Amino acid sequence: MIYNQSEFDLRCEWGSQGVAQLASISDVVVIVDVLSFSTCVEIATSNGAIIFPYTMRDESVIDYAKSVQAELASHRQRWTPTGYSLSPKSLTQIPGGTRLILPSPNGSFLTLQTKSTPTLAGCLRNCQAVAQFAQKYGNKIAVIPAGERWKDDGSLRPAFEDLIGAGAILSYLHGSLSPEAEVAVVTFETFQKDLQGYLKKCSSGKELIAAGFESDVELAAIYNVSNCIPLFTENAYVKQP
């Protein structure tokens with residue numbers, strides 16, 4: 001009970017331990033992985049695609065793709081104009097009805113840990129719509145910034161962009177804020193004036209820009225432009241009507 005923020009309506013905690021502590025005692029969970037899983041899910045489902053999260057891109061994912069009759073996204077670094085990947089830009093023209101497996105060690109992994117608790121994918125682009133929809137489930141809402149992984153040991157790297165995204169969503173929610181949730185809101189409000197500029201300067205943004213994916217950072221930084229609400233249901237994220 002010390003770590004689950006249960007005395008507050010609006011909770012916020014990082015990564016898999018955040019899900020473990022908060023999901024079972026919350027009415028709904030919002031997964032926030034701004035660069036780039038949640039942004040990919042928002043863009044793809046807004047076009048009518050169906051997105052299946054998968055934890056890792058290993059041999060098992062090929063069999064899984066066959067079992068759900070879905071395409072398999074490629075590695076981001078191998079993006080081509082005709083292929084889909086964890087690059088938001090690669091999904092901007094995805095046709096409605098496309099079934100796509102999107103492996104991700106952060107956003108996908110966390111989605112699959114929430115079990116029976118209703119789960120949404122939130123980012124800067126759809127923060128208000130997701131917040132308002134989440135409130136329909138009840139007052140107890142867990143917002144989970146995914147964070148990244150350090151390459152050396154795989155440990156959690158709290159990521160600026162996910163704290164900002166979590167704060168954007170929490171800023172539209174009503175209820176008592178845990179200190180962790182309040183920090184996210186205050187951080188978002190502090191940097192809201194230049195989201196694209198700060199996302200390009202943060203570590204994750206610089207990493208993507210160095211790899212040639214500056215347009216992905218720009219897409220992820222666009223604030224509150226989407227009414228798309230991706231709900232995880234029957235093993236996939238689907239846009240709510």
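Which residues of helix α1 (residues 15–22) are buried? I started my read of this predicted model there, and the numbered points below go on to the strands, the cores and the overall build.

1. **Helix α1.** The buried residues in this helix are G15, G18, V19 and L22. They cover an arc of only 100° around the axis, so they sit on the same side of α1. Turn to the other side of the helix and you find Q17 and A20, both exposed. As for what lies over the buried residues of α1, the cover includes β1 (10–12), β2, α4 (107–111) and β7 (141–145). If you are browsing the model, that is a handy place to begin.

2. **Strand β2.** Since β2 is part of that cover, look at it next. The strand is mostly covered, with 5 of its 5 residues buried. V28, V30 and V32 point one way, V29 and I31 point the other way, and all are buried.

3. **The partners of β2.** What does β2 pair with? One partner is β7, which runs parallel to β2 and is joined to it by 5 bridges. Within that pairing, V29 has A142 of β7 as its bridge partner. Another partner is strand β6 (residues 119–122), also in the parallel sense, over 4 bridges. Here V29 stands opposite T119, and V30 stands opposite L120.

4. **Strand β6.** From β6, T119 and A121 point one way while L120 and G122 point the other way, and all are buried. Two of these residues turn up again among the cores: L120 in the largest one, and A121 in the second.

5. **The largest nonpolar core.** This core holds 38 residues, and those touching the most other members are V30, L120, L124, V143, I169, L170 and L173. Elements that each supply at least two residues of the core include β1, β2 and β7 on the strand side, plus the helices α5 (127–135), α6 (160–170), α7 (179–191), α8 (195–201) and α10 (214–221). A second, separate core has 27 residues, among them F37, A49, A121 and A142.

6. **V143 close up.** What does V143 touch, once its neighbours within four places in sequence are set aside? The contacts are R11, C12, E13, V30, V32, A166, I169, L170 and L173. Of these, V30, I169, L170 and L173 are also listed with V143 among the residues that touch the most other members of the largest core.

7. **Strand β3.** Moving on to strand β3 (residues 50–54), 5 of its 5 residues are buried, so the rest of the structure largely encloses it. Both faces are covered: I50, F52 and Y54 are buried on one side, and I51 and P53 are buried on the other. Strand β5 (residues 99–103) runs parallel to β3 and is joined to it by 5 bridges. In that pairing, I51 stands opposite L100.

8. **S36.** Is S36 buried or exposed? S36 is buried, with a relative accessible area of 2%. The residue is found in the loop between β2 (28–32) and α2 (37–46). Not counting residues up to four places away in sequence, S36 touches R76, L86, P88 and L208. Worth pulling up on screen, in case you would otherwise skip the loops.

9. **Helix α10.** Down the chain, D216, V217, L219, A220 and A221 are buried in α10. The buried residues of this helix pack against α2, α8 and α9 (203–210). Note that α10 is also one of the elements supplying at least two residues of the largest core.

10. **The whole protein.** Secondary structure comes to 10 helices and 11 strands. The radius of gyration is 16 Å, close to the 18 Å that the globule rule gives for 241 residues, so the protein is as compact as a globular protein of that length. Along its principal axes, the C-alpha trace spans about 45 × 40 × 35 Å.

11. **Burial, contacts and surface.** Of the 241 residues, 54% are buried. Among contacts with a separation of 6 or more, 73% are between residues 24 or more positions apart. The accessible surface comes to about 10700 Å², and carbon and sulfur atoms account for 51% of that.

Notes. Residues are numbered from 1 along each chain as its sequence is written. This is a predicted model: local features need pLDDT of at least 70, side-chain atom pairs count only at pLDDT 80 or more; totals for chains, interfaces and linings use all residues. Side-chain values use heavy atoms; hydrogens and water are left out. Buried means under 20% relative accessible area, exposed over 50%, partly exposed in between (1.4 Å probe, protein chains only). Contact means heavy atoms within 4.5 Å. The arc is that of the directions from the helix axis to the C-beta atoms. Two strands pair if DSSP finds at least two bridges between them. A nonpolar core is a set of buried Ala, Val, Leu, Ile, Met, Phe, Trp, Tyr and Cys residues joined through side-chain atoms within 4.5 Å. The radius of gyration is taken over C-alpha atoms; the globule rule is 2.2 Å times the number of residues to the power 0.38. Accessible areas come from the Shrake-Rupley method with a 1.4 Å probe; for residues, only the protein chains shown count as cover.
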